Amino acid sequence: METLANLAMGFSIALTPYTLMLAIIGCFVGTIIGALPGLGPSNGVALLIPISFSMGLDAISALVLLTSVYYGAMYGGRISSILLNIPGDEPAMMTTLDGYPMAKQGKASEALVVSGVASFVGAMLATIGLMIFAPYLARVAYQFGPAEYFALYMLAFCTLGGIGSSNQAKAAMAAAIGLGIAMIGLDKTTGMPRFTFGELHLMDGVDFLVAIVGLFAVAEVFHFIESHGKDSAIGVKLGKILVPWRMLKQTSGAMLRGTGIGFVAGVLPGAGASLGSFLAYMAEKSVAKGADKASFGKGNPKGVAAPEAGNNAAAGGALVPMLTLGVPGSGTTAVLLALLLTLNITPGPLLFAERPEVVWSLIASLLIANVVLLLMNVPMVKVFVKILSVPAWVLLPGVTMIAFVGIYSLTGSSFDMLLMVAFGVLGYVMRKLGIPTVPVILGILLGNAMEDNLRRAMVLSNGDWWYLLSSPIAIGLWIAAIVGFVAPIFLRRILKKPAVPHDPTLNED
């Protein structure tokens with residue numbers, strides 16, 4: 001009954017005309033961002049954070065707008081995957097395996113409708129899961145002390161290295177870079193400057209929004225200049241949009257299985273939608289038999305439904321650890337965590353008790369956004385397809401302008417604009433070297449909290465390092481961290497991804 005009462009309160013906020021308008025705008029903009037190859041949800045949300053501040057949005061409005069963009073981008077990624085064989089972002093990569101062959105067979109509209117419905121099923125059930133499980137996880141989090149939180153942060157970094165990257169050493173290096181950047185500024189305990197090199201602008205540390213926009217958006221502009229000189233073009237013809245009811249019935253089981261797998265993958269810190277999409281596809285292929293199994297990779301609708309349900313369910317699942325523990329479950333939720341911290345809202349178990357209006361209005365808005373996205377993505381899919389023809393010479397200046405104007409309106413500092421460009425160069429170089437950028441963001445976001453909890457643990461234990469293993473929860477988290485980092489080394493050959501055309505514009509979620 002308490003959950004229903006809280007949800008009713010959330011709907012009373014979410015159904016106000018202003019909040020509803022923001023959700024609809026976010027869904028529309030997010031679908032466009034997801035449809036454009038290379039941008040993805042992380043870049044889209046990072047770009048719009050400064051804009052939301054310059055618009056003067058309060059905490060609830062900003063969170064509703066950006067999470068709607070997040071969900072919309074997860075929906076939109078399937079469009080270019082099916083029509084161009086170019087994933088809008090990495091989680092949509094598995095959709096290309098059967099989506100594009102369906103389009104080449106003249107079933108582009110069927111593939112788009114099936115993927116849209118699968119996205120709706122995955123996202124809606126995951127949002128319901130968020131509503132049910134997040135409060136219980138928040139209650140468990142009350143038992144967390146400094147040792148448990150430090151182990152939890154280590155789990156996030158280790159799973160990002162083990163699951164979210166193909167090279168653990170590079171992921172660990174990226175996390176170390178992020179933690180080093182987080183140390184810049186005045187030490188909270190001694191007041192001594194660290195890594196400032198005498199620069200007064202760095203005394204307060206590096207603004208994580210500047211780092212996020214630089215590493216994601218500006219780096220994407222540099223990469224886009226290098227690799228997207230030609231205008232995009234639709235590779236297959238899109239016929240009349242009809243709802244294939246029989247095909248939807250045949251793929252309903254794949255949608256439900258993909259949703260369950262994706263939600264669990266999303267809840268795991270650092271795993272994200274990419275893992276959810278991959279596991280959902282492989283699980284569906286493993287349960288198929290005979291000719292049905294042989295048709296995977298050749299245009300099987302279940303090969304479209306399962307990964308789309310999986311990646312959208314993972315998007316909802318990733319919000320669970322972010323809201324309850326303050327640990328992002330994906331790259332995009334790391335960006336959303338930065339938004340909350342900027343708004344002086346600290347995610348964690350106390351969030352549900354102290355700011356229930358923020359949590360429950362967000363959940364209610366996500367439920368509404370899923371319905372809006374379904375109604376928007378099926379009849380209006382031809383409108384979004386037209387977006388794919390936007391030439392690079394129009395798109396690039398727009399992305400650049402939004403990044404610079406947004407950051408300047410937020411900080412009012414020309415130094416921060418130069419710093420953003422520097423992070424853009426760093427992000428571009430890291431992508432050229434195959435080093436993931438998400439661990440850098442995670443290190444910047446969690447570095448100070450990780451240091452604070454380590455210091456508290458050492459104060460409570462008089463410097464005894466064994467205190468970090470002083471509870472069953474902490475021991476369990478350390479074991480999970482070690483397994484999450486080491487196990488993929490041995491499992492990667494077994495769970496080898498099917499060969500897909502490599503696209504250098506892919507981003508981590």
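**Reading labels against cut-offs**

Trainee: Why does Y70 count as buried?
Mentor: Y70 has a relative accessibility of 0%, and since buried means under 20%, the label follows directly. Bear in mind that this is a predicted model, and that 59% of the 509 residues of the protein count as buried.

Trainee: How many aromatic pairs does a search of the whole structure find?
Mentor: The search gives 6 aromatic pairs.

Trainee: What makes the pair of Y70 and Y71 edge-to-face?
Mentor: The ring centres of Y70 and Y71 are 6.1 Å apart, which satisfies the requirement that centres lie within 6.5 Å, and their planes stand at 65°, where over 60 counts as edge-to-face. Y71 is buried as well, because its relative accessible area is 1% and the limit is under 20%.

Trainee: Why is the pair of Y281 and F296 called edge-to-face?
Mentor: The planes of Y281 and F296 meet at 85° with the centres 5.7 Å apart, so both the angle condition of over 60 and the distance condition of within 6.5 Å are fulfilled. The pair links distant parts of the chain, since Y281 sits in helix α12 (residues 272-287) and F296 in the loop between α13 (290-294) and α14 (302-317), 15 residues apart. Y281, with a relative accessible area of 2%, is buried, and F296, at 8% relative accessibility, also counts as buried.

Trainee: How do you know that D187 forms a salt bridge with R194?
Mentor: The closest N and O atoms of D187 and R194 are 3.1 Å apart, and a salt bridge asks for a side-chain nitrogen of Lys or Arg within 4 Å of a carboxyl oxygen of Asp or Glu, so the pair qualifies. D187 is itself buried, with a relative accessible area of 6%.

Trainee: What makes the meeting of the side chains of D187 and R455 a salt bridge?
Mentor: Their N to O distance is 2.8 Å, which again falls within 4 Å. This pair links distant parts of the chain: D187 lies in the loop between β1 (185-186) and β2 (193-194), while R455 belongs to helix α22 (residues 438-460), 268 residues apart. Together, D187, R194, E451 and R455 are linked in a network of salt bridges.

Trainee: Why does R455 count as partly exposed?
Mentor: R455 has 30% relative accessibility, and that value lies between the limits of under 20% for buried and over 50% for exposed.

Trainee: What are the labels of R355 and E357, and how far apart are their closest N and O atoms?
Mentor: R355 and E357 form a salt bridge, with the closest N and O atoms 2.7 Å apart. R355 is partly exposed at a relative accessible area of 31%, and E357, at 23% relative accessibility, is likewise partly exposed. The structure holds 6 salt bridges.

Trainee: How do you know that the span of helix α8 agrees with what it should be?
Mentor: Helix α8 (residues 168-182) has 15 residues, which at 1.5 Å a residue should span 21 Å, and its end C-alpha atoms are 21 Å apart. The expected span takes one less than the number of residues.

Trainee: Which residues of α8 are buried, and why are they said to line one face?
Mentor: The buried residues of α8 are Q168, A171, A174, A175, G178, I181 and A182. Seen down the axis of α8, these buried residues fall within an arc of 145°, so they line one face of the helix.

Terms used. Residues numbered from 1 in each chain as written. Predicted model: local features only at pLDDT ≥ 70, side-chain atom pairs only at ≥ 80, totals over all residues. Heavy atoms only, no water. Buried < 20%, exposed > 50% of the residue type's maximum accessible area, 1.4 Å probe, protein only. Helix = DSSP H or I, 4+ residues; strand = E, 2+ residues; numbered from the N terminus. Phe/Tyr/Trp six-rings, centres within 6.5 Å; stacked < 30°, edge-to-face > 60°. Arc of directions from axis to C-beta.
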